[in-house]
Amino acid sequence: QVQLVESGGGLVQPGGSLRLSCAASGFTFSTYAMRWYRQAAGKERELVAAISVGGTTTYVESVKGRFTISRDNAKNTVYLQMNSLKPEDTAVYYCYARDPWNPKYAYWGQGTQVTVSS
């Protein structure tokens, strides 16, 4: 069955770094667009970063220059490198996979908590 398993979250001080990973299985990873979303307490889920099948990346304005999304198709894994973290980056981060040619095939991970605090 399809699985997206996030890891790498935790507690970090402001200005620190974390790298999130999302390991995928159960579908052809290389043919899916991948995204990272986040949801802070009491707020709506927001798209943070996306990477297309071809490797094109996009970011929400608030993380540009600090976060980098990447994918390793050989390892069926997508990453989110987060640098210069701020308290407002605190949220549960979710991995999302979507078939760009058949959008009904879309999957979510279970989420990983990122807390930025001194």
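Which residue in E6 does alanine 49 stand opposite? Alanine 49 stands opposite tyrosine 59 in E6. This is a predicted model, in which local features need pLDDT of at least 70 and side-chain atom pairs count only at pLDDT 80 or more, while totals for chains, interfaces and linings use all residues. Residues are numbered from 1 along each chain as its sequence is written, and side-chain values use heavy atoms, with hydrogens and water left out.

**Strands E4, E5 and E6**

Strands (E, at least two residues) are DSSP runs numbered from the N terminus, and two strands pair if DSSP finds at least two bridges between them. E4 and strand E5 (residues 46–51) run antiparallel and are joined by five bridges. Within this pairing, tryptophan 36 has alanine 49 of E5 as its bridge partner. E4 and E5 form a hairpin with six residues between them, and glycine 42 in the turn has a positive phi of about 75°.

E5 is also joined to strand E6 (residues 57–59) by three bridges, and these two strands run antiparallel. Their hairpin has five residues between the strands; glycine 55 in its turn has a positive phi of about 100°.

**Salt bridges**

The structure holds four salt bridges, a salt bridge being a side-chain nitrogen of Lys or Arg within 4 Å of a carboxyl oxygen of Asp or Glu. Side chains of opposite charge can pair when their charged atoms come close. Three of the bridges are tabulated here.

| Acidic residue | Basic residue | Closest N to O distance |
|---|---|---|
| Glutamate 46 | Arginine 38 | 2.6 Å |
| Aspartate 89 | Arginine 38 | 3.0 Å |
| Glutamate 61 | Lysine 64 | 3.1 Å |

Salt bridges that share partners join Arg38, Glu46, Arg66 and Asp89 into one network. For accessibility, buried means under 20% relative accessible area, exposed over 50%, and partly exposed in between (1.4 Å probe, protein chains only). Arginine 38 counts as buried because its relative accessible area is 7%, whereas glutamate 46, at 30%, is partly exposed. Aspartate 89 and arginine 38 are both buried. The bridge of aspartate 89 and arginine 38 links distant parts of the chain: aspartate 89 lies in the loop between E8 and E9, and arginine 38 in strand E4 (residues 33–39), 51 residues apart.

In the bridge of glutamate 61 and lysine 64, glutamate 61 is exposed because its relative accessibility is 59%. Lysine 64 is partly exposed, at 46%.

**The disulfide**

There is one disulfide in the structure, the term meaning a pair of cysteine sulfur atoms within 2.5 Å. It joins cysteine 22 to cysteine 95, with an S to S distance of 2.1 Å. The link of cysteine 22 and cysteine 95 is left-handed, with -80° about the S-S bond. Cysteine 22 is in strand E3 (residues 18–25) and cysteine 95 in strand E9 (residues 91–98), so the pair links distant parts of the chain, 73 residues apart. Both cysteine 22 and cysteine 95 are buried.

**Threonine 77**

Threonine 77 belongs to strand E8 (residues 77–82). At 8% relative accessibility, threonine 77 is buried. A polar atom of its side chain lies 2.8 Å from the backbone oxygen of lysine 75. Contact means heavy atoms within 4.5 Å. Beyond neighbours within four places in sequence, threonine 77 is in contact with Ser21, Cys22, Ala23, Phe29, Ser70, Arg71 and Asp72. Of these contacts, Cys22 is also a member of the disulfide.

Conventions: Helix = DSSP H or I, 4+ residues; strand = E, 2+ residues; numbered from the N terminus. Polar contact = N/O pair within 3.5 Å; in protein donor to acceptor, adjacent residues only side chain to side chain.
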